[in-house]
Amino acid sequence: MSFPVDRPRRLRTTPAMRRLVSETRLHPAELILPMFVREGIDGPLPIASMPGVVQHDLDSLRRAAVEAAEAGIGGLNLFGVPAVRDAEGTGATDEHGILNVATALLRAELGDALVIQTDLCLDEFTDHGHCGVLDEHGRVDNDASLARYYDMAVAQARAGAHMVAPSGMMDGQVGVIRDALDSHGFEDVSILAYSAKYASAFYGPFRDAVDSQLSGDRRSYQMDPGNRREGLREATLDAAEGADVLMVKPAMSYLDVLADVSAASELPVWAYQVSGEYAMIEAAAANGWIDRERAIDEALIGIKRAGADAILTYAAVEVATRLR
Ligand code: PBG
């Protein structure tokens with residue numbers, strides 16, 4: 001019988017040894033918490049399909065944001081749920097719109113303690129639920145949507161966003177938003193580009209979180225799940241248009257795309273562990289089928305190992321608190 005010369009198990013012998021040779025670890029500063037703020041409610045409302053996640057009113061948003069800052073996470077990513085919607089998504093560009101009001105409130109409360117990001121997309125504000133405006137045939141009109149994004153970027157920067165996060169997958173959106181910001185004195189407001197955003201079933205619970213009005217799907221603007229090279233193409237375009245950070249979304253089913261973009265890019269690359277990815281872990285854990293904390297940590301480690309420099313996750317505060 002011959003014995004192995006190479007014995008990788010030597011480096012797994014004790015917890016201290018395993019800790020020392022660990023290649024990937026999480027840090028609170030690279031976790032970003034998506035948050036929902038809803039107009040016209042009094043006190044937070046739980047989101048049934050996302051255990052532990054709520055729609056905030058302004059006051060509970062403020063308190064939760066302070067808690068998040070104290071936990072040491074890197075940023076917040078805000079989504080607004082307006083009381084009234086219309087075809088153009090007027091609430092998105094109104095300084096009294098819920099997302100802009102919430103942004104101003106958090107900026108006043110937190111200053112620069114963490115990075116305040118705003119979702120720059122129309123779907124929460126339109127009565128048809130699409131990410132842009134529609135043409136006379138009911139199709140999402142790319143360039144008319146860009147004009148709305150231009151105004152939305154200015155409104156969000158005025159409200160105090162450090163970083164705007166265009167998630168609508170319109171062609172040219174990053175360039176138009178960069179232009180809007182620069183022509184209004186907001187050269188320092190950065191752009192988190194949802195570069196490779198796929199038309200995914202894993203956004204299901206998010207539709208509850210924002211009371212989405214969508215019927216149909218987003219396949220004419222979000223990417224086909226089978227397309228890997230195209231992820232790189234979208235990321236390359238966004239970088240050329242002036243993105244400061246690139247993002248891949250969802251995360252766990254798109255680790256190859258994340259690895260590709262991360263290897264090819266000189267920009268930071270982030271990933272979004274989306275609502276359905278979070279909900280699946282919660283649901284399995286609630287049934288006693290997996291160990292919740294281990295599953296959350298393992299999922300985030302996997303996303304980071306694939307190339308994410310930071311991760312948007314609904315578990316951000318919990319994980320940050322545990323890490324500290
Ligand atoms: C669009 C947007 C969506 C998500 C983030 N931004 C929904 C969609 O594209 O259908 C999904 C996030 C999640 O599922 O956690 N504004």
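These are my notebook entries on a predicted model of one protein chain with a ligand.

**Ground rules.** I number residues from 1 along each chain as its sequence is written. Because the model is predicted, I accept local features only at pLDDT of at least 70 and side-chain atom pairs only at pLDDT 80 or more, while totals for chains, interfaces and linings use all residues.

**Whole chain.** I looked up the secondary structure and found 11 helices and 10 strands (DSSP runs: H or I of at least four residues for helices, E of at least two for strands, numbered from the N terminus). The C-alpha trace spans about 75 × 45 × 40 Å along its principal axes. I then checked the radius of gyration, taken over C-alpha atoms. The chain has 20 Å, which agrees with the value near 20 Å for a compact globule of 324 residues (rule: 2.2 Å times the number of residues to the power 0.38).

**Ligand.** I listed the residues around the ligand (C-beta atom, placed from the backbone, within 6 Å of it). They are D119, C121, D123, C131, S167, Y203, F206, R218, V274 and S275. By class, I have five nonpolar, two polar and three charged residues (Tyr and Cys count as nonpolar, Asp and Arg as charged).

**E234.** An unreviewed UniProt entry lists E234 under "binding site" (such annotations may be inferred rather than shown by experiment). I found E234 in helix α7, residues 229-241. Is E234 buried or exposed? E234 is buried because 23 other C-beta atoms lie within 10 Å (buried means 20 or more, exposed 12 or fewer, partly exposed in between). Leaving out residues up to four places away in sequence, E234 touches S195 and A196 (C-beta atoms within 7 Å).

Definitions and conventions. Contact = placed C-beta atoms within 7 Å.
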